[in-house]
Amino acid sequence: MRVGILGSGLMGAKLGTIFARAGHEVVFSYARGEEKLRQLARDARGNARAGTPREAAQDADALLLAVHWSRMDDVLGQAGDLSGKVILSCSLPMNDDNTALVIAHTSSGAEALVTKVPEARIVSAFNTVPSEVLFQVFESRRRATRPSLVYCGDDEGGKQVAAQLITDSGFAPVDAGPLRIARYTEPFALLVGELAYEGNDGPELAYRFERFGA
Ligand SMILES: NC(=O)c1ccc[n+]([C@@H]2O[C@H](COP(=O)([O-])OP(=O)(O)OC[C@H]3O[C@@H](n4cnc5c(N)ncnc54)[C@H](OP(=O)(O)O)[C@@H]3O)[C@@H](O)[C@H]2O)c1
């Protein structure tokens, strides 16, 4: 797939690198310096290049949206027309000092995103995992058991794209249902972050779901 990265920070840089190493064509965009994007593309050691958000969005089969909530309108504006685009959003609707969700319980960042780009196909994915575990999970992808990664959305085609990229990244995709389920997964992401950074297990922690009963 052609994957555009909108936001090449902790999440976007790592996931873009992983997608490139998994064989996808990646465009890194949106950082405070162009040289950083070019360096990421070189270090990815795959089919990767640097570009503007508009170039990342053009011809993309999927876009990874990985910016702080406060940068959302800016990056979407720079990306241009996103009609029909599959957008995997790992962005959480956090306040400026990252201490609280600014949208929660009766809505979610993912649902708010739909109102910003109603013509796009939004899937909430990759936000329930700390960026620190991503490379380890990718390196361990041939193991029998994989950590789970939940995703949700209302567009079936978009969800298939998400499930493929989640699988290629080394996780077991878990379809959590429609986009409104992001009301539960976004606060859950804060729990995972709390355990990873404040708990005893450190950032290696990535969760696994067990199916009970038959
Ligand atoms: N980090 C995690 O473990 C994690 C886990 C789950 C969910 N999330 C969510 O994922 C999203 C991205 O998180 P992150 O940790 O990857 O954030 P980040 O490291 O801050 O990355 C954000 C990107 O936006 C760029 N940026 C910021 N201001 C800019 C500006 N004025 N002009 C151009 N580019 C600008 C940054 O540029 P620079 O590269 O130059 O700084 C960076 O590439 C957030 O919504 C977060 O809540 C993060």
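The exercises below deal with the overall form, cores, helices and two buried residues of a predicted model.

Residues are numbered from 1 along each chain as its sequence is written. Local features need pLDDT of at least 70 and side-chain atom pairs count only at pLDDT 80 or more, while totals for chains, interfaces and linings use all residues, and side-chain values use heavy atoms, with hydrogens and water left out.

**Exercise 1. Compare the radius of gyration of the chain with that of a compact globule.**

Step 1. The radius of gyration is taken over C-alpha atoms, and the globule rule is 2.2 Å times the number of residues to the power 0.38.
Step 2. For 214 residues a compact globule would have a value near 17 Å; the chain has 16 Å, so the two agree.
Step 3. The C-alpha trace spans about 45 × 40 × 35 Å along its principal axes.
Step 4. Of the 214 residues, 51% count as buried (buried: under 20% relative accessible area; exposed: over 50%; partly exposed: in between; 1.4 Å probe, protein chains only).
Step 5. Take contacts (heavy atoms within 4.5 Å) between residues at least 6 apart in sequence: 69% of them join residues at least 24 apart.

**Exercise 2. Describe the largest nonpolar core and the helix that gives the most to this core.**

Step 1. A nonpolar core is a set of buried Ala, Val, Leu, Ile, Met, Phe, Trp, Tyr and Cys residues joined through side-chain atoms within 4.5 Å.
Step 2. The largest has 40 residues, and those with the most contacts inside it are Met-11, Phe-19, Val-26, Phe-28, Leu-88 and Phe-126.
Step 3. Helix α1 (residues 10-21) gives the most, with 6 residues. Helices (H or I, at least four residues) and strands (E, at least two) are DSSP runs, numbered from the N terminus.
Step 4. A second, separate core of 26 residues includes Ala-60, Leu-65, Ala-79 and Ala-120.

**Exercise 3. Why do the buried residues of α4 lie on the same side of the helix?**

Step 1. The buried residues of α4 (residues 72-79) are Met-72, Val-75, Leu-76 and Ala-79.
Step 2. They cover an arc of only 100 degrees around the axis, which puts them on the same side of α4; the arc is that of the directions from the helix axis to the C-beta atoms.
Step 3. An α-helix has 3.6 residues a turn, so residues three or four places apart point the same way.
Step 4. The buried residues of α4 pack against β1 (2-6), α3 (53-57), β4 (62-65) and α5 (109-116).
Step 5. After α4 comes Gly-80, with a positive phi near 85 degrees.

**Exercise 4. Which residues does Val-3 touch, and which does Ser-169 touch, not counting residues up to four places away in sequence?**

Step 1. Val-3 is found in strand β1 and, at 2% relative accessibility, counts as buried.
Step 2. Val-3 touches Phe-19, His-24, Glu-25, Val-26, Val-27, Ala-62 and Leu-165.
Step 3. Ser-169 is in the loop between α7 (156-168) and β8 (172-175), and is buried, with a relative accessible area of 1%.
Step 4. Ser-169 touches Leu-15, Ile-18, Phe-19, Phe-126, Val-137 and Phe-138.
Step 5. From the side of Phe-19, the contacts beyond four places in sequence include both Val-3 and Ser-169.
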